Amino acid sequence: MVALAVSMLLIPVMIRLAPHIGMIDKPDPRKVHAAPIPRAGGIGIVLGALLPMVIVLPFSEVMLTFYAGSAILLAFGVWDDIAELGHYVKFIGQFAAAILVVYYGGVVVETFPFMNMEPLPPSIGKPFTVIALVGMINAINHSDGLDGLAGGESLMSLAGILYLASQAQGFETMVMVVAVMGGVFGFLRFNSHPARVFMGDGGSQFLGFAL
């Protein structure tokens, strides 16, 4: 509820502020909207999701690196939403966020399915996890093209993760998932067709990272 409230309160403010700071998605032949739309909804998603995490969860290494990575992605995302950065500049932020949670937060893929569950050496597991995280960030980022699409598919994925976390009694993961879902629900209030706001790179990169 905290995430939902923060998201729904911030996004109308960002809709009014966006034209003044250049966070506007203008129509072109490759896009479906016919009028300029603010792309500032990601700020509401990110701040709405992170606030309850900060309130409820302990400041472990995993969470601290997740907060830092989220801040990096939000900063690069907002910069891109204003200035239209190239892919290579965005990769800097994406790899920085991924490296933080893997090499300093300890989030590492330790086994591959169908390989007898033999533990992977860190020299393979850590780089693989970084690449997987960057791939997920870009998967959600590039799916953000239709009203409600990136937010809707993220909600479905989050619901699946919530179920698995509940089966594993993963309280920290459950809190993270519910908080992100609250931020997305608040955003979808303004992004359902016809959209009044887009999440922009600031939101889509965060969602991929969180997932």
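## A tour from loop to helix

Begin by selecting Gln 169, which is exposed, with a relative accessible area of 71%, because anything over 50% is classed that way. The model you have open is a predicted one. Gln 169 sits in the loop between H6 and H7, and its phi is near 55°, a positive value in a residue other than glycine.

**The whole chain**

Before going further, zoom out and show the protein chain as a cartoon, where you should be able to trace eight helices and two strands. Read from the N terminus on, these elements follow the order α-β-β-α-α-α-α-α-α-α. Along the principal axes, the C-alpha atoms fill a box of roughly 55 × 35 × 30 Å. The radius of gyration of the protein chain is 17 Å, which agrees with the value near 17 Å that a compact globule of 211 residues would have.

If you now switch on a surface, the accessible area of the protein chain comes to about 10,800 Å², and 70% of that belongs to carbon and sulfur atoms. Of the 211 residues, 46% are buried. When contacts between residues at least 6 apart in sequence are considered, 69% of them join residues at least 24 apart. Colouring by charge will pick out 9 positive and 13 negative side chains, and the centres of these two sets lie 11 Å apart.

**Another loop with a positive phi**

Select Glu 84 next, in the loop between helix H3 (61-83) and helix H4 (87-104). Although Glu 84 is not a glycine, its phi is positive, at about 55°. Is Glu 84 buried or exposed? Its relative accessibility is 52%, so Glu 84 counts as exposed, the cut-off for that class being over 50%.

**From H4 towards H5**

Move along the chain to Glu 110, which is placed in the loop between H4 and helix H5 (122-143). With a relative accessibility of 58%, Glu 110 counts as exposed. Show the residues around it, leaving aside neighbours within four places in sequence, and you will find Glu 110 in contact with Glu 118, Pro 119 and Leu 120. A distance drawn from the C-alpha of Glu 110 to that of Phe 128 reads 9.8 Å, for two residues that are 18 apart in sequence.

Stay with helix H5 and select His 142, which is found there. His 142 is exposed as well, its relative accessible area being 54%. From His 142, draw a C-alpha to C-alpha distance to Ser 204: the two are 62 residues apart in sequence and 8.3 Å apart in space.

**A buried glutamine in H8**

Now select Gln 205, which belongs to helix H8 (residues 200-210). What is the relative accessible area of Gln 205? The value is 0%, and Gln 205 is therefore buried, since that class takes in everything under 20%. To see what surrounds this residue, display its contacts beyond four places in sequence, which are Leu 73, Phe 76, Gly 77, Lys 90, Gln 94, Ile 137 and Asn 141.

**The end of H7 and the start of H6**

Go on to Asn 191, whose place is in helix H7 (residues 171-191). Asn 191 has a relative accessibility of 4% and so counts as buried. Which residues does Asn 191 touch, if those up to four places away in sequence are not counted? They are Asp 147, Gly 148, Val 197 and Phe 198. With side chains shown as sticks, look for the place where the side chain of Asn 191 reaches the backbone oxygen of Val 197, at 2.8 Å.

From Asn 191, turn to Leu 149, which lies in helix H6 (residues 149-167). The C-alpha atoms of this pair are separated by 9.2 Å, while the residues themselves are 42 apart along the chain. Leu 149 is partly exposed, its relative accessible area being 35%.

**A last stop before H3**

Finish at Ser 60, in the loop between helix H2 (41-56) and H3. At 25% relative accessibility, Ser 60 counts as partly exposed. As a closing distance, join the C-alpha atoms of Ser 60 and Ile 131, which are 71 residues apart along the chain and separated by 23 Å.

Terms used: Residues numbered from 1 in each chain as written. Predicted model: local features only at pLDDT ≥ 70, side-chain atom pairs only at ≥ 80, totals over all residues. Heavy atoms only, no water. Helix = DSSP H or I, 4+ residues; strand = E, 2+ residues; numbered from the N terminus. Buried < 20%, exposed > 50% of the residue type's maximum accessible area, 1.4 Å probe, protein only. Rg over C-alpha atoms; globule rule 2.2 N^0.38 Å. Contact = heavy atoms within 4.5 Å. Areas by Shrake-Rupley, 256 points an atom, 1.4 Å probe, with all protein chains shown as cover. Lys, Arg positive; Asp, Glu negative; His and termini not counted. Charge placed at Lys NZ, Arg CZ, Asp CG, Glu CD. Polar contact = N/O pair within 3.5 Å; in protein donor to acceptor, adjacent residues only side chain to side chain.
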